[in-house]
Each structure stands twice: as C-alpha cells, then as structure tokens.
Amino acid sequence: MERLQKVIANSGYCSRRKAEELIKQGLVKVNGETVLELGLKVDGNAAIMINNKPLKQEKKEYYLLNKPREVISSVTDDKGRTTVVDLIETTTRIYPIGRLDYDTTGAIILTNDGELANLLMHPKSNIDKVYIAKINGLIGKVEINKLQRGVIIDNKKTSKCKAKIKKYDKKTDTSIVELTIHEGKNHQVKKMFESIGYKVLKLKREKYSYLDVNNLKSGEYRTLNPKEVKKLYNEAKK
Ligand code: URA
C-alpha cells in the first residue's frame, strides 16, 4: 500500500507535488470515488482516474550511464549546463538515482521507476558504491584505517567502510584509493578525505551496487535488462 500521490507520481504521470494539487482540486478518483485527502493509501489493484481518464502505468525504463565530467546529475539545470538526462535518448520522464558531483565521473542509473529509486536511495539500503579517488599526498595505513572505522563529516560519524590503497605516484605526490561506502551523503567521499587532511583531485564511481561501467566509454549508456533490474530490487531490499 502506498500513498495515492506517490502512486500517481510513480506511474510517470506527473511529479508528486503536482499529484497532490490534482487530489486537492478533486480531480482524482479511486475505485469510483473522488479523493480529497492526501494521506490515502492505495494498493496496486486500485482503479485510479484523473480527470475521468484511467491512470496508465508508464513502461519502465532503466539506463546505466558512464557520466562524464561537467555534466550535472539532475533533470534540468537553471544555468543551462548539460544534465545526465540530456545524454539519454528517450521521450520518457526519467531521472537519476542519487547524485554525482559535476566533476565526478562514472556509474549512475536513470529511470522512471519511482519504487526502485526510493528503495535504492533509502538511508537504510545497503547498496555498495565503489569510488576511485585520486588524492594529493601519499596516504598511509593509519589514515586508511581511520576512513574504514568512520570519520566525522557534517558533525556525524560515517559508517564503517572499505578503503584500499591502489597506487602511489611519488613523482606527482598523489595516491589512488578505492573506497566502498553504503551511504550517500552530499560530497561524502570528498568530505571524508578532507576530514583526514587530503584533497580529492579526481573522483570516479566505478560501481553502483554490482553494476560497473567498464564497457562504457565516458558519456555512453546502456539499458538494463529485466534480470539486472530484479537483481537491483533484491540488492535494495537486502
Ligand atoms: N562523493 C563525493 O564527494 N562526490 C560524488 O560525486 C560522489 C560521492
């Protein structure tokens, strides 16, 4: 059972806010009755009508994009910058699941499946996100252990995570570190390194859950097949 406005938004008909407006205006009927309250929960079999037309469930689409730098992870941008949605050829109203910074590259999923998006972005979902960070300086084991145990960012300790030194470059005085985290706080990886005195110079998300972008060039994308989508649902519900 889900809230009516969420079911309408998940169908792809409109945003949740617009759905709330439609309900308040008395334009939504459930099983033949006009609904005016916003809290009503409906199940998957409910017959929903908007403006006396049955609500159709939009076909779900799922894309895995290798996001390039200088692309913004949103649907639109008021500064006119290219968005991740601009890179996908579809007429469906899709949106990214979570965010990567403007200068971060790598794996990002786009979909019109609100249920999957909510599950994956839920704070309790334990989705692994694997990042490769190039940082200034030669990081030591002590700092790596600090990251793994959790560091304070925005006054809160981050959860335990995995951190591995992949490479040192003594000439440029930089290190490459692989970081696997579950959480998705704003600028989390950059802030984690900052908290122990390192600056992230380059950041790539290598993997989102079990999905990597090894076979996708920067800016390329592919659709996910039903098996892959099912696996994502299972991962999100773990
Ligand atoms: N952490 C960051 O700092 N930036 C990202 O884009 C993703 C995770």
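A polar contact is taken here as a pair of N or O atoms within 3.5 Å. By this criterion, in the predicted model, a nitrogen atom of the ligand and a polar backbone atom of Val189 make such a contact, at 3.0 Å. A polar backbone atom of Lys190 is likewise placed 3.0 Å from an oxygen atom of the ligand. At Asp101, a backbone N or O atom is found 2.7 Å from a ligand oxygen atom. The ligand on its own exposes 230 Å², of which 96% is buried by the protein.

The shell around the ligand consists of Leu100, Asp101, Thr104, Tyr131, His187, Gln188, Val189, Lys190 and Leu203. By residue class, the shell comprises 4 nonpolar, 3 polar and 2 charged residues. Among the structural elements, helix H5, which spans residues 188–195, makes the greatest contribution to this shell, with 3 residues.

With respect to the overall architecture, the ligand occupies the space of the largest pocket. Residues of the shell are drawn both from domain 2 (62–124 + 211–237) and from domain 3 (129–208); the ligand therefore lies between these two domains.

Terms used
Residues numbered from 1 in each chain as written. Predicted model: local features only at pLDDT ≥ 70, side-chain atom pairs only at ≥ 80, totals over all residues. Heavy atoms only, no water. Near = heavy atom within 4 Å. Polar contact = N/O pair within 3.5 Å; in protein donor to acceptor, adjacent residues only side chain to side chain. Areas by Shrake-Rupley, 256 points an atom, 1.4 Å probe, with all protein chains shown as cover. 1 Å grid on protein atoms, 1.4 Å probe; cavity = no way out; pocket = protein on both sides within 12 Å on 5 of 7 lines; lining within 4 Å. Sits in = over half its atoms within 2 Å of the grid points. Helix = DSSP H or I, 4+ residues; strand = E, 2+ residues; numbered from the N terminus. Nonpolar A, V, L, I, M, F, W, Y, C, P; charged D, E, K, R; others polar. Domains from an automatic or database assignment.
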